[in-house]
Amino acid sequence: MKKKYSIHFLVATFICLLALTIAYQMSYHHAKMRLKQEVQKEHTSVTTDGEAFRSDTYYLQELNGFIAVYQSDKKTIFEYTNIRMEELPKELVKEIKEGKKLPNLEAVYGFLENYSS
């Protein structure tokens with residue numbers, strides 16, 4: 001009689017674990033698909049009289065002696081950095097004070113990687 005209850009308990013535990021695994025996999029798949037759709041939405045074009053694409057332009061500007069990355073409107077801060085202006089070459093300091101334009105996010109992270117400590 002005790003063996004019968006043990007087997008039922010084992011089977012019930014296995015079924016519960018199987019149900020949890022399936023639920024986790026389904027939620028993971030759903031989240032992954034949602035993220036993929038959001039990324040695709042970001043890279044779409046907008047049609048008006050002509051055709052305009054989402055702007056990925058960024059600007060490097062000085063903020064309190066450090067470099068800050070601004071979005072294309074030059075007002076919205078995209079990212080703060082710990083890169084001091086005084087540690088950069090003079091030519092680069094001049095460009096940044098004028099608002100150094102970077103064409104995309106890869107260029108931004110490439111710059112930050114090169115000049116970060």
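**Exercise 1. The loop between E3 and E4**

Determine where Asn-64 lies in this predicted model, and decide whether Asn-64 is buried or exposed.

*Solution.* Step 1: Asn-64 is placed in the loop between E3 and E4. Step 2: the relative accessibility of Asn-64 is 72%. Exposed means over 50%, so Asn-64 counts as exposed. Step 3: the backbone deserves a note as well, as phi of Asn-64 is near 55°, a positive value in a residue other than glycine.

**Exercise 2. The loop between E4 and E5**

Carry out the corresponding analysis for Lys-74, which sits in the loop between E4 and E5.

*Solution.* Step 1: phi of Lys-74 is near 60°, and this is a positive value in a residue other than glycine. Step 2: Lys-74 has a relative accessible area of 37%. Step 3: partly exposed covers the range between under 20% and over 50%, and therefore Lys-74 is partly exposed.

**Exercise 3. The sheet**

State the strand order of the open sheet, and identify which strands form its edges.

*Solution.* Step 1: the sheet has 4 strands in the order E5-E4-E3-E6, with antiparallel pairing. Step 2: strand E5 (77-84) and strand E6 (100-102) are the edge strands, since each pairs on one side only. Step 3: from one strand to the next, the twist averages 30°. Step 4: helix H3 (residues 105-115) packs on the sheet, where it touches E3, E4, E5 and E6. The direction of H3 makes about 20° with that of E5.

Next, consider one pairing in detail: how many bridges join E3 to E4?

*Solution.* Strand E3 (residues 58-63) and strand E4 (residues 66-70) run antiparallel and are joined by 5 bridges. Within this pairing, Gln-61 has Ala-68 in E4 as its bridge partner.

**Exercise 4. Thr-81 in strand E5**

Describe the surroundings of Thr-81, a residue of strand E5.

*Solution.* Step 1: the relative accessibility of Thr-81 is 15%. Buried means under 20%, so Thr-81 counts as buried. Step 2: leaving aside residues up to four places away in sequence, Thr-81 touches Phe-66, Ile-67, Ala-68, Val-69 and Leu-112. Step 3: the side chain of Thr-81 reaches the backbone oxygen of Ile-67 at 2.4 Å and the backbone nitrogen of Ile-83 at 3.4 Å.

**Exercise 5. The salt bridge**

Identify which residues form the 1 salt bridge of the structure.

*Solution.* Step 1: the partners are Lys-100 and Glu-95. Step 2: their closest N and O atoms are 2.9 Å apart, and the cut-off is within 4 Å. Step 3: Glu-95 is partly exposed, at a relative accessible area of 35%.

Methods:
Residues are numbered from 1 along each chain as its sequence is written. This is a predicted model: local features need pLDDT of at least 70, side-chain atom pairs count only at pLDDT 80 or more; totals for chains, interfaces and linings use all residues. Side-chain values use heavy atoms; hydrogens and water are left out. A salt bridge is a side-chain nitrogen of Lys or Arg within 4 Å of a carboxyl oxygen of Asp or Glu. Buried means under 20% relative accessible area, exposed over 50%, partly exposed in between (1.4 Å probe, protein chains only). Two strands pair if DSSP finds at least two bridges between them. Helices (H or I, at least four residues) and strands (E, at least two) are DSSP runs, numbered from the N terminus. Axes are lines fitted to C-alpha atoms, for helices over the stretch in contact, and angles run from 0 to 180 degrees between N-to-C directions. Contact means heavy atoms within 4.5 Å. A polar contact is a pair of N or O atoms within 3.5 Å; within protein, one must be able to donate a hydrogen and the other to accept it, and residues adjacent in sequence count only if both atoms are side-chain atoms.
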